[in-house]
Each structure stands twice: as C-alpha cells, then as structure tokens.
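Here are my notes for a first pass through this entry. Please keep the structure open while you read.

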Amino acid sequence: MGLGTFKNGVHPYDGKELAKDQPITAYLPKGDMVYPLSQHIGAPANPIVAVGDTVLAGQKIAEAGGFVSAPIYSSVSGKVKAIEPRRVAVGDMVNSIIIENDGDFMSVDYTPVDDVSALSKEEIIDKIKEAGVVGMGGAGFPTHVKLSPKEPNKIEYVIANCAECEPYLTSDYRRMMEEPEKLVEGMKIILQLFDKAKGIFGIEDNKPDCIEKLTRLCASEPRLTVMPLKTKYPQGGERQLIYATTGRAINSTMLPADAGCIVDNVDTIVSIYKAVKLGQPLTHRVFTVTGDAVNNPMNFDICIGTNYAELLEAAGGFKQEPEKIISGGPMMGFAMFGLDVPTTKTSSSLLAFIKDPVAEQEITPCINCGRCVEACPELLVPSRLAQFADNNGEEAFQKWHGMECIECGSCSYTCPAKRQLAQSIRAMKKTILANRRKK
C-alpha cells in the first residue's frame, strides 16, 4: 500500500537531527511562573485566586469563562504575586496570574480511575473539560468542545496527528518514542466516545521507529490502525492529514466532524489519558529547545508557565548571539523579540538560529513562474492572492478563495522572488474576519 499524502506541498530541510535523539528531561523551574488567562481559542479563563493566596501544584487558579474556554491550573506551589497584563510569545499583552514559585512543588492529591472502560461518555468529557485540556499542537481549541460534536454517531475516524511535519520540532517524536503506551491508551479513551469510529495514527515515514513501536502496540487492537504518511510539509495540517488518511476533503466552512473525523495531536491525546485515567489536570507538556545557535538542544518536560529564557539557560544558552529566535516551527511559528515570556499550553518549542537568511533576501517582482501554485496544498494561486491583499482588494481576494489559505507558508518558502506571500495573505484574512465581525 502506498504512503498517505496530499497534493502539492514542499520539502524543507527538517533540522530534526539536532534534538531528535535527546530524551525528554524533566525541568523544574526556578523563577516566577506566569499563567496567561487566554491560552486557548474562546473566552479567557476567570481568576479564582487573589493576590496573597497560597496555591499547590495542580490547583485550579482560573475557571473556564464559557463553553468554549478552559480552566487553568498552577504547575508549581507558591504564592500569588500579582494578576496583571504580561507579554506573551506572539507579542500581545494578556491578563495573567503570576505565582512566586517556592521551589517545593507541593501538589494536590490526584484520584486515578481503576477502570476507565466503566466510565460513561459524559464522565469522560467532564474529566477532560475539568482538566483544562486544549489542542496542544495548534490554536488551542478546547478539547471537550471538539469531542462533543452535534452528531457523534457520524464520527468514523479519530486521527492522531503524529506527523510533526514542522522542521526542527521533536517533542511529539520523543513522546511517541518514550511513552507510546500513553498515546495508545489516550486514543482508546477517545474511542469510547464514538461507538462507530476507528483510530488512525498518521505518522510520516521519516519516523520508522515510531511506526514500528505503535504498530506493535496496536497489533491486537482491531479499532486502531497505524498509517505511514509521505514525509512532506504540511502533512500535519488538519485538512491535509484528513485527506491523506481518509481521502476526505474539508474546506474553511467545515469542521473535521462534518467529514466524520476528529483530529488531535500527540501531546493532547496523552493529556486526555492523564486527565481521565490519572485524574491529572494539564500542567505540563513537552517542549523542544533547538537550533544551530543553541549549545545543547534538548527536549524538556516543562511546567507550563515557565519562562522561555530559563529554558534556554537549561539548554546551555547560546553558542553565539542569534539573528533569529522563533516560538514554534520555522514555517508557521512567530519571530520573537525577546525571551522574557511564559510558556503556555500551546508552546511547543524555542528555535534559535545564528543567521537569518530571510532578512538577507532581496525581494524582487513576481516573475509569474507558478511555483507558489505548485506548492500550495489548497490548490490556490498565492501570488494573485498576495497581490489582492497588498492592494486591499477584499472582494477579489474572496472571489479567488483566499479564505481557504491555511497559512502554512509553503508559497513563501518556494517563491524565487522571495516575496512574503503568506504574510500578505494572512493579514488580509485577519482584515476580512474583523470586518465580518463588525457587520
């Protein structure tokens, strides 16, 4: 059987050799912890602690602000120092709870479940909701909402996004190598919610060791399948992954559930296992510090809320001052101007590069070569969309299906004129969405 894949895409240098063989190392933070109240799509969480309160690790410090929201838990013990706006990785100022870490890491007691199979669907959803689990590989959509589609009987596939197609990132790879059992058990918990569904682990074929481990674990599980995927960016994009594993297509007006699918990434599924089986809220995640400017690229098990600068120091600091620092992957991540920001539920990595080749590139006029069209996984015409965006042509932009762009950056990567196509398209999409909200 051939490898699952999608149309178009690109093949950037993956850089994974820097950190892929570094085992997950537990890191205990030393400084103050910062917990932004908006770590997910939807309404911000509401603080339920006050300045001066003493908290334990695993204690809820903010409750969900609505149905599409998620509670937040402290990952350390200490005292609430302030509740005030703090800068986050994308540059925004977000109201946050600041906790003075006492270094003792005293924790609340968790109550594990002996027999998960005895839980009702409602009990499983409630445990996931109460634990504050959100999508940890993208925008942070609250997981209890995703797992509560209007017609659950129409869900036929639960897809684990094991692709990790972004260059340099290795946190999902290490999780699959070191704790594949938790990933499989998490998938089985999700399948308890959908009686007719099968579970698919979609893994790029540049991870044969992960494919072998998960295939062995799923051998006696008739509802579980491991599907090798062609190594290509953006194989881990939600639409691309659904198409590669099931042959079904969705667009910007649809949810995966409309195609009978649910998609969650590796760390999210492991967090579901911890929430339901172990009774643990979401307080930790795997985080990669890598890049050619980093002395000792590492994969850390971090307490959410830890400062980026502290994690860089734990990885040996910089070899030399980098020209480029990125939160997330180089294709869809955010360039950072400083490291005095906290990690959140959706923080996957810190990348640091000695050189910034993008800044050195000279942007020249479009030569109408069509390479961006050949790269676009949504079969769009990025050069034309960027032209509409740069000239405020909202109507033409929408007519040419600009809202279908998934902002993967494949067009910018492949453009010989070095035009920042994805940046222009992303800005226009934000403008259009803002104007729609006004109406």
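1. Start with helix H3, residues 171-178, in this predicted model. H3 passes helix H5, residues 208-218, and the crossing is left-handed. The two axes lie 9 Å apart. The packing angle is about 40°. H3 and H5 are therefore oblique to each other.

2. Which residues make the contact of H3 with H5? On the H3 side they are Tyr 173, Met 176 and Met 177. H5 contributes Asp 209, Cys 210, Lys 213 and Leu 214. Sorted by class, this contact has five nonpolar and two charged residues, and no polar ones.

3. H3 also packs on helix H7, residues 266-276. Here the axes come within 9 Å and cross at roughly 45°. That pair is oblique too: the angle lies outside the range under 35 degrees that counts as roughly parallel, and outside the 65 to 115 range that counts as roughly perpendicular. From H3, the contact uses Asp 172, Arg 175 and Met 176. From H7, it uses Val 266, Asp 267, Val 270 and Lys 274. The class split is three nonpolar, no polar and four charged. Note Met 176: this residue is listed in the contact with H5 and again in the contact with H7.

4. H3 has sheet neighbours as well. The helix lies across strands S1, S13 and S14, where S14 spans 298-303. H3 runs at about 125° to S13.

5. Those three strands belong to an open sheet of six. The order is S1-S14-S13-S17-S15-S16, and the pairing is mixed. Which strands stand at the edges? They are S1 (24-26) and S16 (334-335). Each has a single partner strand, so one side of each is left without a neighbour in the sheet.

6. Inside that sheet, look at S13 (residues 284-290) and S17 (residues 349-353). They run parallel, joined by three bridges. One residue pair to find on screen is Val 289 with its bridge partner in S17, Leu 350.

7. Next, go back to H5. The chain crosses from strand S10 through H5 to strand S11. This β-α-β crossover is right-handed. S10 covers residues 198-204 and S11 covers residues 224-229. The two strands run parallel, with six bridges between them. Phe 201 stands opposite Val 226 of S11.

8. Just beyond S11 there is a backbone detail to check. Is the peptide bond from Tyr 233 to Pro 234 cis or trans? It is cis, with omega near 0°. Pro 234 sits in the loop between S11 and helix H6 (238-246). For context, most peptide bonds are trans.

9. A second sheet deserves its own look. It is open, with four strands in the order S2-S8-S7-S4. The pairing is antiparallel. S2 (33-36) and S4 (54-55) are the edge strands. Each of them has a single partner strand, so one side stays without a neighbour in the sheet.

10. How many bridges pair S7 with S8? There are nine, in the antiparallel sense. S7 runs over residues 78-87 and S8 over residues 93-101. Lys 79 has Glu 100 in S8 as its bridge partner.

11. Asn 368 is another backbone point. Its phi is near 55°, a positive value in a residue other than glycine. Most residues other than glycine have a negative phi. Asn 368 lies in the loop between helix H9 (357-360) and helix H10 (371-375).

12. Finish with helices H11 (residues 382-390) and H14 (residues 421-438). Their axes are 8 Å apart, at an angle of about 55°. H11 and H14 are therefore oblique to each other. H11 passes H14 in a left-handed crossing.

13. The contact of H11 with H14 draws on Pro 382, Ser 383, Leu 385, Ala 386, Phe 388, Ala 389 and Asp 390 of H11. From H14 come Leu 421, Ser 424, Ile 425 and Met 428. By class there are eight nonpolar, two polar and one charged residues.

Terms used:
Residues are numbered from 1 along each chain as its sequence is written. This is a predicted model: local features need pLDDT of at least 70, side-chain atom pairs count only at pLDDT 80 or more; totals for chains, interfaces and linings use all residues. Side-chain values use heavy atoms; hydrogens and water are left out. Axes are lines fitted to C-alpha atoms, for helices over the stretch in contact, and angles run from 0 to 180 degrees between N-to-C directions. Angles under 35 degrees count as roughly parallel, over 145 as roughly antiparallel, 65 to 115 as roughly perpendicular and the rest as oblique. A crossing is left-handed if the near helix is turned anticlockwise from the far one by less than a right angle, and right-handed if clockwise. Contact means heavy atoms within 4.5 Å. Ala, Val, Leu, Ile, Met, Phe, Trp, Tyr, Cys and Pro count as nonpolar, Asp, Glu, Lys and Arg as charged, and the others, Gly among them, as polar. Two strands pair if DSSP finds at least two bridges between them. A crossover is right-handed if, with the strands pointing away from the viewer, the path from the first strand over the helix to the second runs clockwise.
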